[in-house]
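Me: Please take a close look at the salt bridges here, and tell me where the paired side chains sit and how buried they are.

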Amino acid sequence: MELFYFMVFGALGAVVAALELSKNSKDRIITSPSFNSFRNNYLVVYSLMMAGDWLQGPYVYYLYSTYGFGKGEIGQLFIAGFGSSMLFGTIVGSLADKQGRRRACVTYCITYILSCITKHSPQYKVLMVGRILGGIATSLLFSAFESWLVAEHNKRGFEQQWLSLTFSKAIFLGNGLVAILSGLFGNILVDSLSLGPVAPFDAAACFLAIGMAVILSSWTENFGDPSENKDLLTQFRGAAVAIASDEKIALLGAIQSLFEGSMYTFVFLWTPALSPNDEEIPHGFIFATFMLASMLGSSLASRLMARSSPRVESFMQIVFVVSSVSLLLPIVTNFLVAPSKVKGGSISFSGCLQLLGFCTFEACVGIFWPSIMKMRSQYIPEEARSTIMNFFRIPLNIFVCIVLYNVDAFPITVMFGMCSIFLFVASILQRRLMAISEKPKIENWSAMKERDPEAEPLNE
């Protein structure tokens with residue numbers, strides 16, 4: 001493995017360590033022992049859930065390619081996952097609010113384990129079923145767990161500021177440390193032990209099973225809407241009215257869709273961007289480097305959110321601009337550095353520059369997650385939290401499906417340019433959110449019923 005990879009990884013690790021060790025009293029929040037126990041339990045579960053997800057990440061594209069599928073067919077498999085999340089995500093989110101968030105978290109584990117099992121088959125139809133199951137699981141991962149946490153946190157009477165502490169720790173561990181270890185562990189399974197590209201999926205299933213056991217043994221159930229007779233259609237209508245009636249919720253949804261759409265497109269694009277001529281790159285190690293950069297971002301976010309100023313709505317404007325610029329690097333290097341025509345070999349100079357830009361983008365991702373979680377906890381009504389959060393994912397999944405469907409139609413630089421534009425638009429919308437964030441959270445549900453008489457109120 002080239003020295004360059006170790007240098008980037010080492011530099012990022014040193015910065016993260018320096019940030020964590022240099023924290024003072026202003027960067028820390030004093031909490032109670034009961035909260036610490038509650039938080040640690042959630043962090044253990046969340047870390048296991050993310051381990052199950054991250055172990056698969058670097059090897060999905062690679063596994064499909066080893067089964068002999070081309071970029072177009074792989075794109076279709078990715079579309080199936082995002083399309084599944086779009087079609088079924090809102091339904092499972094509403095069921096989580098209605099039937100219970102703990103039950104939805106267990107369903108995530110079962111669904112994702114089944115998705116991992118399908119990876120053993122080289123049959124296209126079986127892999128397609130796995131992608132559909134994975135799409136459903138992803139919707140639950142990014143809605144049910146957060147909804148359970150927020151409801152349980154409030155039910156136990158913990159201070160609101162402590163919630164941001166849990167968010168930042170969860171991202172630091174689950175999207176940082178665990179992701180790094182998952183990348184390195186996957187690298188050992190596939191490259192060092194030569195167990196094949198399906199081995200990380202088997203390991204992921206084991207972690208998910210352990211996490212499910214912890215949930216069943218230690219979590220209590222909580223619900224969203226307490227009404228007994230509200231059907232799914234009424235829940236959808238109520239969530240739609242909430243989004244349409246409160247500009248802050250609508251802006252938050254648009255911002256999340258633009259950023260996550262660019263992020264998921266990046267997940268698909270980074271491998272061909274760094275190896276356009278089939279250069280040999282260590283996928284697991286590069287993935288671990290990205291996650292270390294994300295860990296750096298979450299460390300910065302925890303420090304920023306521990307203070308009253310600047311507000312999340314303020315510093316996220318800068319984060320979106322920086323992320324937009326970082327994804328322009330593949331376009332810039334394409335013009336400034338002559339592309340190599342040699343097949344194989346090690347990563348090119350252009351690839352090295354792009355890797356640095358991608359690490360910057362991942363640092364922005366690390367800041368984004370706890371920050372968007374905090375804003376969601378402030379602006380989204382509790383009773384329909386999972387439903388509304390999955391509503392946000394509908395435009396996200398449409399965007400990603402369109403991009404992947406046309407993956408062979410446009411050069412990779414065009415796709416990066418499109419992502420950069422969307423991130424810049426997100427910064428503009430974030431500025432608008434900052435401007436109106438001082439207004440009351442939501443006018444009231446009576447006024448909303450005047451617009452839609454059939455919508456039932458969400459208790460506040």
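Reply: What follows deals with the salt bridges, and then with two further residues.

This is a predicted model, in which local features need pLDDT of at least 70 and side-chain atom pairs count only at pLDDT 80 or more, while totals for chains, interfaces and linings use all residues. Residues are numbered from 1 along each chain as its sequence is written, and side-chain values use heavy atoms, with hydrogens and water left out.

Side chains of opposite charge can pair when their charged atoms come close. A search of the whole structure finds six salt bridges, a salt bridge being a side-chain nitrogen of Lys or Arg within 4 Å of a carboxyl oxygen of Asp or Glu. One of them joins the side chains of E146 and R376, with an N to O distance of 2.4 Å. This pair links distant parts of the chain, since E146 lies in helix α7 (residues 144-155) and R376 in helix α15 (residues 349-379), 230 residues apart; helices are DSSP runs of H or I with at least four residues, numbered from the N terminus. E146 is buried at 5% relative accessibility, and R376 is buried as well, at 2%, where buried means under 20% relative accessible area, exposed over 50%, and partly exposed in between, with a 1.4 Å probe and protein chains only.

Another salt bridge is formed by K248 and D246, whose closest N and O atoms are 3.7 Å apart. K248 has a relative accessibility of 4% and counts as buried, and D246, also at 4%, counts as buried too. In the salt bridge between E313 and R311, the N to O distance is 3.3 Å; here E313 is buried at 3% relative accessibility, whereas R311 is partly exposed at 27%. Salt bridges also link E152, K155 and R156 in a network.

Two further residues can be described through their contacts, a contact meaning heavy atoms within 4.5 Å. T138, in helix α6 (residues 124-141), is buried with a relative accessible area of 18%, and, leaving aside residues up to four places away in sequence, T138 touches Y112, Y264 and R393. A204, in helix α9 (residues 199-218), is buried at 0% relative accessibility. With the same sequence neighbours left out, that is, residues up to four places away, A204 touches G52, L55, Q56 and C116. For one of these partners, L55, the C-alpha atom is separated from that of A204 by 5.8 Å, although the two residues are 149 residues apart along the chain.

Notes
Helix = DSSP H or I, 4+ residues; strand = E, 2+ residues; numbered from the N terminus.
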